[in-house]
Amino acid sequence: MTLVDLGIPRLPTSWRDATLPADRPDTPGLVDTFGRVATDLRVSLTDRCNLRCTYCMPAEGLPSLAREKVMSRDEIARLVGVAVRDLGVRQVRFTGGEPLLRGDLAEIVADVAALDPRPEISLTTNAIGLDSRAEGLRAAGVDRINVSLDTLDPDTFARLARRPYLERTLAGIEAAARVFDLVKINAVLVRGVNLDHAADLLSWCLERGFELRFIEQMPLDADHAWDRTAMVTAAEVRGLLGERFDLGPDAEPRDGAPAERFVVRSRDTGERLGRVGIIASVTEPFCGDCRRTRLTAEGGIRDCLFAHTETDLLGPLREGASDAVLADRWRTAMWGKRAGHGMDDPSFVQPDRTMSAIGG
Ligand code: SAM
Ligand code: SF4
């Protein structure tokens, strides 16, 4: 039995003699013991990034994975193909690190768009460099795009991202708006830094027809500086936005989506201005409805952002495992998914990996 040292606990690569866990039903999908079925795959394409957001990466960056440890274009196509054809995955989101740092991103997207059945393909990015690539990515098959933007103030951007690249992100967003029907913006609010910018950011998004989603900060930062008592909660964001706008319930069913959506109206005229989403991963967790499975840049399956173990698929793939074996290993990995992230449990331990290294 070989053990692969990737810095975090890995299950042994005993794929040749793997047997079905006694209690796992022999079903085709990615079902877990609580009856949840994962149909939404997040694929991290790289652990590298050109920003150093304080809530995600350390100032000095993280040691990059050796090139040969990262999935190649063909390996990604193979594993996503298994997920889509054999495991019932219907949505694929490419993330990272920063997925635009992969020069072969459009080719990877095109490979996945050629699968049958074709999954819905989305991308989460900081948009740096998107101005010259948005059109190519749309043509390759990206259906939906989320861009991360926490503030419109250049100094605050530089403080949060530790890089003075606001203009580059805005240029990328502008290009995305020309090419995609809907641009979603993701924002993380940090007390004492950009909390006061939330309403202005919403106003800016509404004027442009973008859908803004505020994400509660989760304990996935490299500096382990996250503090439950200091974090900005969803309730606080709702209150803050409510001082400038009327927020009402959205009639569209949530349908397992992580964001609770609100219809935004002008306080003066009652005119509908658009929508906003709030993702309360910490204070109002939606683990009971979770449909996610995650593939790291090194080809490991994580059943949760907060998992402490991963199941290696890339090793077996490189050693000649068949699609059927890979699919079965993936099913077994998901079968053991815990009921929830357990952040409220006193025994909660932050995972060793940061958000950038897992794929957010
Ligand atoms: N680099 C790309 C980007 O920033 O959009 C994709 C990867 S990033 C890890 C994906 C998303 O995770 C971003 O929207 C980012 O704001 C969010 N994120 C990162 N660290 C987070 C944390 N500790 N808590 C909540 N969201 C976080
Ligand atoms: Fe990079 Fe995205 Fe993490 Fe910011 S949130 S450091 S852009 S991976």
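1. Strands at ligand 1. In this predicted model, two strands take part in the shell around ligand 1: strand 5, at residues 120–125, and strand 7, at residues 183–188. Each of the two supplies at least two residues of that shell.

2. Residues around ligand 1. The shell holds 18 residues, and those that come nearest to the ligand are Y55, G97, E98, S148 and M218. Sorted by class, the shell has 10 polar residues, six nonpolar ones and two charged ones.

3. Polar contacts of ligand 1. Which atoms of the ligand are paired with Y55, E98 and S148? For Y55, a polar backbone atom lies 2.9 Å from a nitrogen atom of ligand 1. For E98, the side chain is involved: one of its N or O atoms is 3.1 Å from a nitrogen atom of the ligand. For S148, an N or O atom of the side chain lies 2.6 Å from an oxygen atom of the ligand. As for cover, ligand 1 on its own has 540 Å² of accessible area, and the protein covers 95% of this.

4. Ligand 2. The residues that surround this ligand are C49, L51, C53, C56, M57, G97 and N126. Five of the shell residues are nonpolar and two are polar, while no charged residue is present. G97 appears here and is also listed among the residues that come nearest to ligand 1.

5. Annotated domain. An unreviewed UniProt entry carries the annotation "domain: Radical SAM core" for residues 33–250. Over that stretch the chain is 33% helix and 18% strand. The C-alpha atoms at the two ends of the stretch are 32 Å apart.

6. Second largest pocket. This pocket has a volume of about 320 Å³. Its lining consists of 15 residues, and L45, R48, R67, V70 and R102 lie nearest the centre. By class, the lining has six nonpolar, five charged and four polar residues.

7. Cavity. Rolling a probe the size of a water molecule over the atoms shows where empty space is left. How many cavities of 30 Å³ or more does a search of the whole structure find? The search finds one. The largest cavity holds about 50 Å³ of space. Its lining is made up of L189, F214, I215, E216, Q217, V232, T233, A234, V237 and I278. Strand 8 (211–215) and helix 7 (234–242) are the elements that give two or more residues to this lining. Seven of the lining residues are nonpolar, two are polar and one is charged.

8. Backbone at P117. Most residues other than glycine have a negative phi, and most peptide bonds are trans. Is the peptide bond from D116 to P117 cis or trans? This bond is cis, and its omega is near 5°. P117 sits in the loop that joins helix 2 (105–113) to strand 5, and strand 5 is one of the strands that contribute to the shell of ligand 1.

9. Backbone at A127. A127 is not a glycine, yet its phi is positive, at about 75°. The residue belongs to the loop between strand 5 and helix 3, the helix spanning 134–140. Strand 5 thus borders both loops named in these last points: the loop with P117 and the loop with A127.

Notes: Residues are numbered from 1 along each chain as its sequence is written. Chains are lettered from A and ligands numbered from 1 in the order in which they are written. This is a predicted model: local features need pLDDT of at least 70, side-chain atom pairs count only at pLDDT 80 or more; totals for chains, interfaces and linings use all residues. Side-chain values use heavy atoms; hydrogens and water are left out. A residue is near a molecule or strand if one of its heavy atoms lies within 4 Å of it. Ala, Val, Leu, Ile, Met, Phe, Trp, Tyr, Cys and Pro count as nonpolar, Asp, Glu, Lys and Arg as charged, and the others, Gly among them, as polar. UniProt positions are given in the numbering used here, feature names are shortened, and annotations may be inferred rather than shown by experiment. Helices (H or I, at least four residues) and strands (E, at least two) are DSSP runs, numbered from the N terminus. A polar contact is a pair of N or O atoms within 3.5 Å; within protein, one must be able to donate a hydrogen and the other to accept it, and residues adjacent in sequence count only if both atoms are side-chain atoms. Accessible areas come from the Shrake-Rupley method with a 1.4 Å probe; for residues, only the protein chains shown count as cover. On a 1 Å grid over the protein atoms alone, a cavity is a set of points where a 1.4 Å probe fits but cannot get out, and a pocket is an open set with protein on both sides within 12 Å along at least five of seven lines; lining residues have an atom within 4 Å of a point. Grid points are joined across faces, edges and corners, and a volume is the space filled by probe spheres set on the points.
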